[in-house]
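Load the model in a viewer and keep the sequence panel open beside it. The tour goes from one selection to the next and says what is found at each stop.

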Amino acid sequence: MIPYSMHAALLCALLCAVTGGASANPYVSYKAKMEMAKLVESEGVSDPFSKLPEAGRKEWHAGRGRSIARMVAEFSSVPTRVIIEVKLVGFDGKAGGGDHNIHVKNDDLAKHLDSLQRELESVVLQPELKALAVKPSVSFVVSRAPRQLIENINLAVSNAMHAEQGRAGRADDDEFLLNYEYVDRVIAHDAEQSRGVARAAALAGTAAITVYLLNPQARLPVEYLYSYEDYGDAKAHSRHGCPGTLYVSDSHPAYAWIDIRAGPAAYGPGAGHRGQVLAHSLPHPSHYKASQLDLGIVPDLAALVWSATQHMAWPPVLHEEIARKPSVHIQIVHMHDTLGPPPDRLDQQHIASQLRLALDGMQDVSVKEIWLPFAHCDVCVAAYASALKLRTAREDGGLYISAKTSKILDRQALHAALQDHADSIMTGFPEVGINSGAASHFTETTSATRHVIPVFVFDISDSGKDALLIDGAVKATAFSDMVVAVSSRAAKAPSHFTCRLSACEPVAGNITREVLAALLTSGWGVPDTATYFSAGAGQGEDYRWSVGNTPFGPLSHRCGINAALSHTMQRNQVVLELQSSVEKVLRLLDGFSKLSTSGKLDAATCKGHFSTVPARINVAYYKLSEAALLLGQWQTKRALALARSMSHDVHALERAARAISAALQGTVKCDGAPELASVWWAPCGALALWPLAAWVRSMLARSQRKRVDKIY
């Protein structure tokens, strides 16, 4: 067993080992690397290499003349290590207070985790699958929490139970829904203490995320779940979201906790869809024989930790066209079919505050909303009318199969219409001299330092039974170049998701949460919480982590960005910035390989730039490997500084390549005068073979005549 006091030392040793392996460069001295790191952090956007003295630049000339193929391999696959800490809470048998006396050894769980294929896939999913240069792998550190932590959790669960029993309006036969905050406050305090120990030990980084596996004490009902309303909320009694057994932290330090005693839970999409969470999707003591509980639950705990790793530590990037510029402006165009503006059901201030909090200063975010009536925008009406469809489909639920016809907005048709006229809608149609009312409000445009994300909201006055939805399924959808949402005055928004065998029907009017989720996808390439990717199965869906603290999907009602999603937003900027530079370097190396006669980046290949090209490649690779290392430690700010600084080296390499290309001169060289035989052999050979050809022709004609004579 690993003592709790040794957490920081173990993490420090592991990180030091990772640091030595990920950024190893046998050609450049450690002193030169440290000097470059200081310049990157101090000089900001300027070129650090140009600030080095002549002696410092010569340090980066090491390794000149090495194989181009080796450099291509180094830039194509850059390793990094992600550390996941797993804390066992209440798995000490009778001594720890667990009702089911579960005793799980650290080594047993660690062996199962180590037996997994621990290579995380770093890919972009759309428009086609694309592998990224940064290749993460994961290391697990399994530890046992101190007895005090399980005692505090036992007390928190008991208090939550008493509060639920005394809840106003609760019937005797109602299921037990414990407020998550009772347990989360205890876990958050432990996570802060652990981070404090790590900082005191002067760690370069800490575990990316900590997974707490909880086994609380007895004196609980047979079945209970956690509700995710904030404590003291006036709306807490209405139970908006789907209850579950787990929670992901709001901010750093990042952690997730799972209560294996809670449940069983059942939620997710309906029949015919993938990723449903059923009674046996999460480990629960009742699923095992009492005599085999200690051993039988260990593989399922390992699978649960691996699922958390796939979904939260390193999820895939949805698309490449994300907002990587220092400033991001979100322009909301609120189109409505009434003469006067309807009630605003989109909280732009909340969206702005959540995005700023999640980006943590990496980008400046601004949000502006304008109102545009249909009467002033014929293009808006045309886009809405072209996408409005009638759909007849099977109605879910009920004893008999029945068809239902409903109005929907076709997603692709809506995008195509808005894509053609997006700029005109936001700028007031200056090309035709029409003032839509938007021109006087909209001043932000895309520039070298600003990325603009348009959000088109159709606010419809329809107050029918069911809400008008995009493709009949969602209130907001994301594209790589825009977000489209629809709000109506209907009573509910039907969905094909279920919770505890009941249909999920979120409120139809308010679209703040759905637009926030769509912005994460459109602007920063963040996939749905349920999405994961594996090399064997490809893209998949698993809705275990779609309850609680996530803005994605109808199973949750919380309108916030958890720590894992926040890191994904920041990480995507870094990995795609690095990928852009890597692809340019690989193209340059491919050109040098065609120019080189020896397959090496030598003086003959670089011409007069032999002092620049190898040095810049060494600097670029150093920044690439260091940025990848920092990504594994979730230090995205420093990694982004290195990624942006790498672009200076790429530009310098491109300038050198253009100069080398311009200096090339093509010549045609003949090896001596042509000999007489090389000119006359063809006609002489034809004359010599003419008698042979005539004889063969006569023989073939004679054979043909013989066959004809036999017939007649």
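Two strands pair if DSSP finds at least two bridges between them. Helices (H or I, at least four residues) and strands (E, at least two) are DSSP runs, numbered from the N terminus. The model is predicted, so local features need pLDDT of at least 70 and side-chain atom pairs count only at pLDDT 80 or more, while totals for chains, interfaces and linings use all residues. Residues are numbered from 1 along each chain as its sequence is written, and side-chain values use heavy atoms, with hydrogens and water left out.

**Stop 1: the sheet with β10**

Select β10, β20 and β21, which in that order make an open sheet of three strands with antiparallel pairing. The edges are β10 (267-269) and β21 (502-503); each has a single partner strand, so one side of each is left without a neighbour in the sheet. Between β10 and strand β20 (residues 497-499) there are three bridges, in the antiparallel sense. To see one bridge, show Tyr267, whose partner in β20 is Cys499.

**Stop 2: the loop before β10 and a cavity**

Step back to Pro264, in the loop between β9 (255-259) and β10. The peptide bond that joins Gly263 and Pro264 is cis, with omega about 5°. Gly263 and Pro264 are also among the residues that line the second largest cavity. On a 1 Å grid over the protein atoms alone, a cavity is a set of points where a 1.4 Å probe fits but cannot get out, and lining residues have an atom within 4 Å of a point. Grid points are joined across faces, edges and corners, and a volume is the space filled by probe spheres set on the points. The second largest cavity holds about 60 Å³ of space. To outline the second largest cavity, add further lining residues, including Thr245, Ile258, Asp259, Ala279, Leu282 and His284. By class, its lining has eight nonpolar, three polar and one charged residues. Here Ala, Val, Leu, Ile, Met, Phe, Trp, Tyr, Cys and Pro count as nonpolar, Asp, Glu, Lys and Arg as charged, and the others, Gly among them, as polar.

**Stop 3: the largest cavity**

The structure holds four cavities of 30 Å³ or more, and the largest has a volume of about 110 Å³. Which residues are the closest to its centre? Of the 14 that line the largest cavity, they are His311, Met312, Thr529, Ala564 and Leu565. Colour α8 (293-313) and α13, each of which supplies at least two residues of this lining. The largest share, three residues, comes from α13. The lining divides into eight nonpolar, five polar and one charged residues.

**Stop 4: helix pairs**

Keep α13 (residues 563-595) selected and add α16 (residues 636-663): the two pack at an angle of about 20°, with their axes 9 Å apart. Axes are lines fitted to C-alpha atoms, for helices over the stretch in contact, and angles run from 0 to 180 degrees between N-to-C directions. The helices α13 and α16 are therefore roughly parallel to each other. Angles under 35 degrees count as roughly parallel, over 145 as roughly antiparallel, 65 to 115 as roughly perpendicular and the rest as oblique. The contact of α13 with α16 has 15 nonpolar, seven polar and five charged residues. The crossing of α13 past α16 is left-handed; a crossing is left-handed if the near helix is turned anticlockwise from the far one by less than a right angle, and right-handed if clockwise.

Next, select α9 (residues 348-359) and α12 (residues 512-524), which pack at about 40° with axes 10 Å apart. The two helices α9 and α12 are therefore oblique to each other, and their crossing is right-handed.

For another pair, take α4 (residues 68-76) and α15 (residues 613-632), packed at about 25° with axes 10 Å apart. That makes α4 roughly parallel to α15, and α4 passes α15 in a left-handed crossing.

**Stop 5: the sheet with β2**

Select β3, β2 and β11, an open sheet of three strands in that order with mixed pairing. The edge strands β3 and β11 (317-319) each pair on one side only. Two bridges join β2 to β3, and the two strands run antiparallel; Val124 has Lys130 in β3 as its bridge partner. In the loop between β2 (123-126) and β3 (130-131), pick Pro127. The peptide bond from Gln126 to Pro127 is cis, with omega near 5°.

**Stop 6: a positive phi**

Finish at Asp471, in the loop between β17 (469-470) and β18 (476-478). Asp471 is a residue other than glycine with a positive phi, near 55°.

Terms used:
On a 1 Å grid over the protein atoms alone, a cavity is a set of points where a 1.4 Å probe fits but cannot get out, and a pocket is an open set with protein on both sides within 12 Å along at least five of seven lines; lining residues have an atom within 4 Å of a point.
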